[in-house]
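Here's a quick tour for anyone opening this structure for the first time. Take a look at it, then use the notes below to find your way around.

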Amino acid sequence: MISVFDLFKIGIGPSSSHTVGPMVAANLFLTSLIKQAELTTIQRIEIELYGSLAATGKGHATDTAILLGLLGHTPSTIDTRLTSDYLAPIFSAKQLALSGMHTIDFDTEHDIHWYDETVLPYHPNALTLRATLADDSSYQQTYYSVGGGFVINEEDATNPDEDHASPTIASVPYPFNSAAELLEQCRQHELSISELVLANECHFRDKTAVFEYLDQIWAVMQDCVTQGCDNGGILPGGLDVKRRAKDLHQQLDAEKDQPIAKTDKLAAMDWVDLYALAVNEENANGGKVVTAPTNGAAGIIPAVLHYYRDFLPNYSQDGVRKFLLNATAIGSLIKQNASISGAEVGCQGEVGSACAMAGSALAEIMGGSPAKCLNAAEIGIEHNLGLTCDPIGGLVQVPCIERNAMGAVKAINAARLACRGNGQHFVSLDKVIETMKVTGADMLDKYKETSRGGLAVYADNRIPTATHGVSVKYSQC
C-alpha cells in the first residue's frame, strides 16, 4: 500500500526518475558510505550511469542531480534558485564537498561514466556510485530509479519476493491490491475511496499530520502554477523552447471580463491548459514541483485541482484533501501492478497514470461513487495506451509540456463521462492496468525515454548535438 507521503513528493525538475530519483540515490549512498568509513578517508567518487539514465541523462540533469545529492541537498529542501551556485565549485575548481564538509577532487569529464548501451537486469534506470578510500579499498552501491522518485538498491532488486514498498500492507484496516478489491472494500464498509485511503494513512500517522502534508502538497502545486505564470523566457537545454504560460496568462486575464469569456462554453479549458503548461515549464526549468506521480506528468493533477478551485461551485480545502487521497489509491494500484516509469512502459505510465488519478479524484469531487471513480480512472488510462516517451533532445519539453495540458483536459472529460454513467464499464480498471503493463513490455526501447525514436528522431527541430557530459546548468529557476 503506497502512502500519499510516497506518491506525492516535493522535488526538483525536470524528471522524477532521472533527476529526483538519482538525487535520492546519492543521499542514500552518502548515508550508507558514512556508516562504512570516515568521511575524511574518502579520496575519490565515481558515478556510472546506465541505460535510460545515460541515454537522456544530460537533458534530464541526471549527473548534476547526483552531484547536488552528494553535496548534501535533498529534492524536497533544495533551493532551486541557487542550483548553479551550489554546483559552481565543481565546474570551476573541480572540487566536490561531500555533505558540504569533506572536499575532494572531482572532474566531471573523468569521474562520470555514461553507458547508454548497457541496461542492467532489473530496470533501465540504473546508476552505480563508487567511493575510493585512503587505504585504496572501495565501496560501491547500485541503485535503480523506478519512477516517481522511488529508488531501490541492488539488494532490494535481487529479492523481488520482499515487499519493499510497504512491508506493513497487511496491517492496514482496508488492504487492497486491485481495483476490484478496492471497490469491494468501499462497498462492504460504505466508504468513499478517499475515506478508505485516509483510514489506511491514519493507521501510521495522526490525521492532523496527514492533512498538514496534503495541504503542503496543494500549496506547492499552487505556487508552482503562480511561478510558471510569472516567469517567461527560453527554457534551458538548446532547443530554444519559449515559455508560453506567462503570455497565455496575461491574455486570459485580460479577456476574463469580456463578453466572449462569458459566452464561450469551453473557456475553462483554456485555463486548464494554462495551469498545466505553467507547471511543466517550471519543471523543465529545474524548478520546484510535486511529483504527481512523476515530474514528466506533474502538471495534470495541479491543473485539474485548479479547475476544481476556479470553476466548480463546491471548492473547499477538505475537497482538495479528498482529491489527493483518492488519486493516491489509483496511483498505488498502477505502481503496484504496472509502472509509472516512462523508461519502463513509455509515457502511458506517466501521463496515462496521472490522467487516471486526476479523473478518478475529480469524479469523487463531483459526487461520483467509487464505481464511477474507477470508471473514470479506466477511461484515463485506456485512452493513453501506447503513448510513447520520446522527448526531443532528452529534454522534458517537447512533447512533454503540451502533453500535460492534453492529459488534464482528458482527465476532466473522463470524470464527466464516468459521472454521467452508472459505474459499469466493459473493460475493468484492473484489465486496463494489466494491458498497459503488457503494452509497455511490447514497446520498443527506442520509444521509452531514450530519445532514439518517435518525435525525438523524426521531428524537424533543432536537437542538441551533445549526448553526454555535464548537464544544463539551471540558473534562476
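Keep in mind that this is a predicted model. A good spot to start is Asn384, which touches Gln348, Val351, Gly352, Cys355 and Lys410, leaving aside residues up to four places away in sequence. From there we'll move to the strands, the helices that pack on them, and the cysteines.

**Around Asn384**
- Asn384 sits in the loop between helix 18 (370-382) and helix 19 (400-419).
- Is Asn384 buried or exposed? Its relative accessible area is 6%, so Asn384 is buried.

**Strand 1 and its partner**
- Strand 1 covers residues 9-12, and both of its faces are covered.
- On one side you'll find Lys9 and Gly11, on the other Ile10 and Ile12, and all of them are buried.
- Strand 1 runs antiparallel to strand 9 (residues 288-291), and four bridges join the two.
- If you want one pair to look for, Ile10 has Val290 in strand 9 as its bridge partner.

**The five-stranded sheet**
- There's an open sheet of five strands, in the order 5-2-6-7-8, and its pairing is mixed.
- Which strands sit at the edges? They are strand 5 (112-115) and strand 8 (150-153), each of which pairs on one side only.
- From one strand to the next, the twist averages 25 degrees.
- Strands of a sheet pair through backbone hydrogen bonds, and they can do so parallel or antiparallel.
- Strand 2 (residues 42-50) and strand 5 run parallel, joined by four bridges.
- Within that pairing, Leu49 has Trp114 in strand 5 as its bridge partner.

**Helices on the sheet**
- Helix 4 (residues 62-70) packs on the sheet and touches strand 2, strand 5 and strand 6. Its direction makes about 150 degrees with that of strand 2.
- Helix 2 (residues 16-36) lies across strand 2, strand 6 (125-133), strand 7 (138-147) and strand 8. Helix 2 runs at about 150 degrees to strand 7.

**Cysteines**
- How many disulfides turn up in a search of the whole structure? The search finds zero.
- Cys373 is in no disulfide, and the nearest cysteine sulfur, that of Cys419, is 6.9 Å away.
- Cys373 has 1% relative accessibility, so it counts as buried.
- Cys389 is in no disulfide either, with the nearest cysteine sulfur, that of Cys347, 5.6 Å away.
- Cys389 also counts as buried, because its relative accessibility is 8%.

How values were computed. Residues numbered from 1 in each chain as written. Predicted model: local features only at pLDDT ≥ 70, side-chain atom pairs only at ≥ 80, totals over all residues. Heavy atoms only, no water. Buried < 20%, exposed > 50% of the residue type's maximum accessible area, 1.4 Å probe, protein only. Pairing = 2+ DSSP bridges. Contact = heavy atoms within 4.5 Å. Axes fitted to C-alpha atoms, helices over the stretch in contact; angles between N-to-C directions. Disulfide = S-S within 2.5 Å.
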